[in-house]
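Here's a walk through a structure you may be meeting for the first time. Keep the view open as you read and look up each part as it comes along.

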Amino acid sequence: MIRTFTTYLILFFTVVSANAVQTRFTMEAPGAVEVGQQFRLSFTLNEQGSNLKLPPGIENNFDILMGPSTSQSFSSSNINGKITQETTFGYTYILRAKQEGTFELRPASIEVGGKIFESNSIKIQVVKAQSKPAQPQAGAGGSGGNNAAEQQQGKPQNVELGSDNLFVRVEMSKQNVFKGEQIVATVKLYVNPNIPIAGFDQVNLPTYEGFYTQDVEIPQQVNFTREVYDNKIYQVGVLKKTILFPQQNGKLTVAPFDMSLLVQQQVKQRSFFDDFFNSFRTVKATISSKPVTVNVRDIPNPPASFMGGVGNFNITSDISAQDVTTNDAVTLKLTISGSGNIRLVNTPKLDLPSDFEVYDPKVTDNVSVTSSGVSGTKTIEYLFQPRFEGDYAVPAIQFTYFNPANGTYETKSTPEYQLRVKKGSGDQTAKVTGSLRKEDVQLLGQDIRYIQQGDPELEPIGYTFFGTPLFYLLYAGSTFAFLLLFFIYRKKARENANIALMRNKKANKVARKRLKAAATFLKQNNNEAFHESILKAFEGYLSDKLGIPVADLNRESAVAGLQKRNVEQAVIDDFVSVVEQCEFARYAPASGSEARNELYSKAETTMGLMEKQIKR
Amino acid sequence: MKQYILIILFAIPGFIFAQDNSTQLWEKGNAFYTTGDFQQAISNYEQILAAGQESAKLYFNLGNAYYKAGNINKAILNFERAKVLDPNNENIDFNIKMANQFVVTSIEPLPLPFFLRWRTSVINMYSSDSWSYISLVSFIIFLILIGLFIFSRIVMVRRISFLTGLFILVFSGFAFSFAAKQKKKIVERNSAIVFCPRVTVKSAPAQTGTDLFLIYEGLKVQITDSVDTWKEIKLADGNQGWLQDSCIVKI
């Protein structure tokens, strides 16, 4: 029940998907054949077709021995619940090559539902016959069952496992390259079609020393194709495909490597019965490759903006925003695309203003490795935050790569971006930082202090003021000047001291003389002259004794001078009263002679006391 | 007497001319330095030196020019020469420090007792000439104070001037000795800079001497003795040994 249902379902989907599936019409043939050898030319079509037309001109080079024999196959698959089915129609011809050469089979055509479809074109290389024309092909087990050639098999023969019939080699797409230029290295196993390979025993694939390698993904199963090498047809299996980037200069050699294969060989018939039991035995065959050398030339002197890229690249850039506020994050996206050693390309440096907060650039690779080489994109995202408002320039990035095709450096540049930074709102900043930010002084570099300018203050070499005659002379001169001044001053002082002493000594005498004069005036009853002479006597005396010039002498300065000399207050009072009386009496009417006598004796005793006390 | 006056009269114009020429060279050297033509600046400065004139500023600028031209040894040599003439200049010290970053040999100087350190730093406060002037001026102040002491009648003034005068006389004496020390440094020049890229220092003044240690260019060493073409040197860390004098240049 379920089965019927499924069948219906399948049929239903076939109908539904028939429209969706594109019509594919392909032509297949071995790439290399010998002259006179039969081979199959098969066409596959995923729909029912009619009116198949062989490639035009095929009869010129090939004999059509048989065909077309048609076949039909149906396949359906259920992957994750998705069912796909396919019906394939096959048309097979048996051909035989007439002559040597490389021939291109132009597209064949077929009609499907009134429309004409064309197949692909293929190339067939025809070489000279090496073995008997009827030699069957051994390893090329075809998928199509009813093969005329296969029927001829069964006449086993042991082919010698020499280096001509079984070998492995590394094929380099280029032998002379620049450092960093990519090479496709293919490890190929060449097998004479007559040697049946049972399997691989041990496979040591080559290590490419001095190269940066990227493996190309190829099917796990080794597919053998027919290829002509050295004018012979081989079954060729690609074991490994690698993209190489030389990292050293000079001759780089890929060291030989070994591998063992299991080969079926027929045992020589020893008896009659052996013939019935097609007895084979498996032999281990060890083969080793020949060393392959690659000449690597160094790339010429690279400019500063060279980022290590060798190949053909292009760059584009994109900035996330140009009008921002402070502390906004800005991303500059740089995309490097192209083919070459894109994984080895260094990150170009972005010279941003030094007060920007700059984060490490984020680098993502998107690289695909195919048999034509490595290509893809490298995306570098520079993230930075401007901290202060202003207009800034995000500089252009110079990207220089080496193009091995013409052997020159090529530079691509991104545009320069203008960044206008406005001050962010204060609240926001406060919220984020919580307090005012203080910037430390950023040390951008170190250098010596700048040269000194102005007067060079030159002096003869080795000259110092110390130790010169002038230096000592200044000492001696100043001492001499001091001594000179000292003696002059002392002499003067001594002289001055003598005069004062004399006058001091004489003062009493002079004063006494004046007093005597006053005494005569007293006798003469000359009132005015008497008082005046007493005053003069005191004036002269005090002037000499106290060292005060007569012009500066008055009562106050005299009293002060006396007090300074520790004269008793009583004496000073007496002196003051005498002076007062004299000054008063000078201009007053004459008083009695007793009063004048009394004044005279008082003046005499005061002066005597003064003399005693001043001396002390 | 008359002869001397004549000589002075003739010497003065020549001296002034020489000064003028040197000043021109100086200005030109500075201009070359500013435009980045350090080789030209060096040749101008060196011409002033060749004419027999020197100054701390000249050595400083010459050292700068050598530094910029990439000749670190000569830069250090000239900075050290500038330091001898002007021992307490912050700019010179800074540039010596910068230039010494290129010197391979790093030396931990022996720690000095604090009083020696103080003494050195006090002596290095001024150059020989400055100390000479200080000594002279303080001596004259001393004389004035002694005059005050002798002639003053006021007891307090006499007492103070006597004590201060005595102190200043001692100070003048110290300044004099410091000036002598600084002068000795200029005259003797017993420091040197190593110019050979790499020298093995020997234990004796002969090639047969045991190899003691290796020093590299740019290092400042003290010369303590001399035999023929050999010099005994002492490093700041106390190591001593002999090397050929062709390898060092006196500061």
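## Chain B at a glance

Let's start with chain B, where buried residues make up 33% of the 251 residues. Bear in mind that what you're looking at is a predicted model. Chain B holds 8 helices and 8 strands. How do its contacts spread along the sequence? Take the contacts in chain B between residues at least 6 apart in sequence: 57% of them join residues at least 24 apart.

## Where the two chains meet

Now bring in chain A. The contact between the chains takes 25 residues from chain A and 36 residues from chain B. On the chain B side, the elements that give two or more residues are α1 (2-35), β1 (53-54), α3 (56-69), α5 (90-100), α7 (128-151) and α8 (155-188) of chain B. Which one gives the most? That's α7(B), with 10 residues. As for what kind of residues chain B brings to this side, they divide into 18 nonpolar, 14 polar and 4 charged.

There's strand pairing across the two chains as well. Strand β32 (residues 459-460) of chain A runs antiparallel to β1(B), and the two pair over 2 bridges. If you want a spot to zoom in on, look for E459(A), which stands opposite E54(B) in β1(B).

## Two nonpolar cores

Next, the inside. As a general point, nonpolar side chains in soluble globular proteins tend to be buried together. The largest nonpolar core here has 66 residues, and those that touch the most other members are V33(A), F43(A), L95(A), V191(A), L244(A), L334(A) and I336(A). F43(A) is a handy one to click on: leaving aside its neighbours within four places in sequence, F43(A) is in contact with F25(A), T26(A), M27(A), L52(A), G90(A), Y91(A), A108(A) and S119(A).

A second, separate core has 40 residues. Its members include I451(A) from chain A, along with A41(B), V221(B) and W242(B) from chain B.

## Two small sheets in chain A

One open sheet in chain A has 3 strands in the order β2-β10-β7, with mixed pairing. Which strands are at the edges? They are β2 (32-34) and β7 (101-105) of chain A, each pairing on one side only. Ignoring direction, neighbouring strands in this sheet are turned by 30° against each other on average. β2(A) pairs in the parallel sense with strand β10 (residues 122-127) of chain A, over 3 bridges. Within that pairing, A32(A) has Q125(A) in β10(A) as its bridge partner.

Another open sheet of 3 strands follows the order β4-β8-β9 (chain A), and here the pairing is antiparallel. β4 (50-53) and β9 (115-118) of chain A each have a single partner strand, so one side of each is left without a neighbour in the sheet. The average turn between neighbouring strands of this sheet is 25°, direction ignored. Strand β8 (residues 109-112) of chain A pairs with β9(A) over 4 bridges in the antiparallel sense, and V112(A) stands opposite K115(A) in β9(A).

## The partners of β27(A)

Strand β27 (residues 373-385) of chain A is worth following along its length. It pairs in the antiparallel sense with strand β24 (residues 330-340) of chain A, over 10 bridges. In that pairing, S339(A) is matched with S375(A) in β27(A). Strand β25 (residues 357-358) of chain A also runs antiparallel to β27(A), joined by 2 bridges, and there V358(A) has F384(A) as its bridge partner.

Then there's strand β26 (residues 362-370) of chain A, antiparallel to β27(A) and joined to it by 9 bridges. K362(A) is bridged to E381(A) in β27(A). What do β26(A) and β27(A) form? They make a hairpin, with 2 residues between them.

## A helix further along chain A

Last stop: helix α5 (residues 527-546) of chain A. Its 20 residues reach 29 Å from the first C-alpha to the last, close to the 28 Å expected at 1.5 Å a residue. Several residues of α5(A) are buried, among them F530(A), I534(A), F538(A) and Y541(A). The buried set also includes D544(A) and K545(A). Just after α5(A) comes G547(A), which takes a positive phi of about 70°.

Technical notes: Residues numbered from 1 in each chain as written. Chains lettered and ligands numbered in written order. Predicted model: local features only at pLDDT ≥ 70, side-chain atom pairs only at ≥ 80, totals over all residues. Contact = placed C-beta atoms within 7 Å. Nonpolar A, V, L, I, M, F, W, Y, C, P; charged D, E, K, R; others polar. Pairing = 2+ DSSP bridges. Core = buried A, V, L, I, M, F, W, Y, C linked by C-beta atoms within 7 Å. Buried ≥ 20, exposed ≤ 12 C-beta atoms within 10 Å, placed from the backbone. Axes fitted to C-alpha atoms, helices over the stretch in contact; angles between N-to-C directions. Expected span 1.5 Å × (residues − 1).
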